[in-house]
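This report covers the pockets of a protein model, then its overall make-up, its cysteines and one loop residue.

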Amino acid sequence: MKPLIILLFLTHFNCLSQNKIISTTLQYLSPTAETSDLSKLDSLFKNRKIIGVGESTHGTSEFTTMRHRLFKYLVENHGYNTFFLEADVGACRRVNRYVHGAPDSLMSAMKEIKLWPWRTEEMAELVNWMREYNSSDENINKVDFVGCDMQLIKDDHIELNRLFKLSSDSSINFESLNFEFDPSDSIAVSNGFEEWENFKSLNAPLDSKIDNLLIQSIDQWFELELTASYKGNFRDSCMATNMIIYLDNNPNSKGFYFAHNWHISKSNRFNGNSLPNSKTTGYFLFEKYDNRYYCIAQDLFSGTFNAFNYVANEYRMETFKIKSSKRKSIAYQVMKSKSDLQFVDSDSLPNINKLWMTFIGAIYGESKSGYKIYRYRPINSVVVYDAFIVVNKTTASRLLK
């Protein structure tokens, strides 16, 4: 029996190795490098409305830098102009004003985004490039920095307070609103929702003062918190809705969606038991735009990254190091005998549904509930990506201090 198992094992990996993977070598990571390697991918970028580019860990420097380079290329060569981030709508509005030339501090604007994966030097470099690009009179196609998420209502409250201070319209009573409550306190949330509804009804000219996207994201937060029944992957549906409405209201916009690999994927997971399916943001975008939505996952062969670990009853930021990828991983199959940075179309990956990919979010090691978070997830449980970018060796993101 043992020889038979060994034979089957060797046959499986021999089949993987005999299928040659055709990939494109990306010569450069730096956003300032020349772009002849990216121009080879031009046919993939044309006729799209939005492109999602993900990351297999939230704390990897190269993933943000690569997306910086891609977004810059798409802006300068394909008319893209909207950067959508997996961060709260309200938290990103100050950054957007900064990229449009507002007299503000880059670090102060960046730190308004409370989610640590985006508070990095790499992201700050991207934001600075956007500001420099917009400052040139030659660049008519100005770029926007737009949050599409709805996780933290306190972020929205900060923006609302700022708008109150800036508004000269005495008919708008911002002081009647208070979101400084504990989200785990259901009574406080209900009271907060009642205040928000009263606030909206008493301020008829609200739409002229506050972006509809901000109002919508606050509505979404309350809907999620006040709904007891299972709503599928509600947060992902909100991110998709926010981007779609933004693009509908700005028909000349072409979007670039920056989020974790899970969110950008075209996954529609069946839950059974009469529960709604768990659709990712990417799947909602695919339903809306069909092949005008294109998604690229990023993965790593080995290296370091930042993530939270739950130690001694608290989350602590740590830098983790992971070893070379296993033979059955996408990263191993793409990187063997190749250079440091590869772009590969999913259709050229044989037996893709038998492969694994690194799948780590903001937490690694132990979670608060006590279960171990592992590195890999089989690709057939995530599905579907149009392409992959694989980085040979990564480094941890440089967190803002």
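The largest pocket holds about 720 Å³ of space. The model is a predicted one. Lining this pocket are 28 residues, and those nearest its centre are His58, His263, Gly361, Ala362 and Ile363. Three elements each contribute at least two residues to the lining of the largest pocket: helix 12 (234-249), helix 13 (261-264) and strand 14 (376-378). Helix 12 has the largest share of that lining, with three residues.

The second largest pocket holds about 300 Å³. Its lining consists of 17 residues, and Arg93, Val146, Asp211, Leu213 and Tyr246 lie nearest the centre. Two or more lining residues of the second largest pocket come from each of helix 5 (89-99), strand 4 (144-149), helix 11 (212-226) and helix 12. The most, five residues, come from helix 5.

The table gives the lining of each pocket by residue class.

| Pocket | Nonpolar | Polar | Charged |
|---|---|---|---|
| Largest pocket | 16 residues | seven residues | five residues |
| Second largest pocket | seven residues | six residues | four residues |

**Overall make-up**

The protein contains 15 helices and 15 strands. It has 401 residues, of which 52% count as buried. Of the contacts between residues at least 6 apart in sequence, 74% join residues at least 24 apart. The exposed surface of the protein is about 18,400 Å², and 51% of that area is supplied by carbon and sulfur atoms.

**Cysteines**

How many disulfides does the count give? The count is zero. For Cys92, the nearest cysteine sulfur is that of Cys148, 8.1 Å away, and Cys92 is in no disulfide. Cys148 is likewise in no disulfide, its nearest cysteine sulfur being that of Cys92 at 8.1 Å. A disulfide requires the two sulfur atoms to be within 2.5 Å, so a separation of 8.1 Å does not qualify. Is Cys92 buried or exposed? Cys92 has a relative accessible area of 1% and is therefore buried. Cys148 also counts as buried, because its relative accessibility is 1%; the cut-off for buried is under 20%.

**A loop residue**

Gln27 sits in the loop between strand 1 (24-25) and helix 2 (36-39). Gln27 has a relative accessible area of 52%, so it counts as exposed, the cut-off being over 50%. Gln27 and Asp37 are 10 residues apart along the chain, and their C-alpha atoms are separated by 6.3 Å.

Note on methods:
Residues are numbered from 1 along each chain as its sequence is written. This is a predicted model: local features need pLDDT of at least 70, side-chain atom pairs count only at pLDDT 80 or more; totals for chains, interfaces and linings use all residues. Side-chain values use heavy atoms; hydrogens and water are left out. Helices (H or I, at least four residues) and strands (E, at least two) are DSSP runs, numbered from the N terminus. Buried means under 20% relative accessible area, exposed over 50%, partly exposed in between (1.4 Å probe, protein chains only). Contact means heavy atoms within 4.5 Å. Accessible areas come from the Shrake-Rupley method with a 1.4 Å probe; for residues, only the protein chains shown count as cover. On a 1 Å grid over the protein atoms alone, a cavity is a set of points where a 1.4 Å probe fits but cannot get out, and a pocket is an open set with protein on both sides within 12 Å along at least five of seven lines; lining residues have an atom within 4 Å of a point. Grid points are joined across faces, edges and corners, and a volume is the space filled by probe spheres set on the points. Ala, Val, Leu, Ile, Met, Phe, Trp, Tyr, Cys and Pro count as nonpolar, Asp, Glu, Lys and Arg as charged, and the others, Gly among them, as polar.
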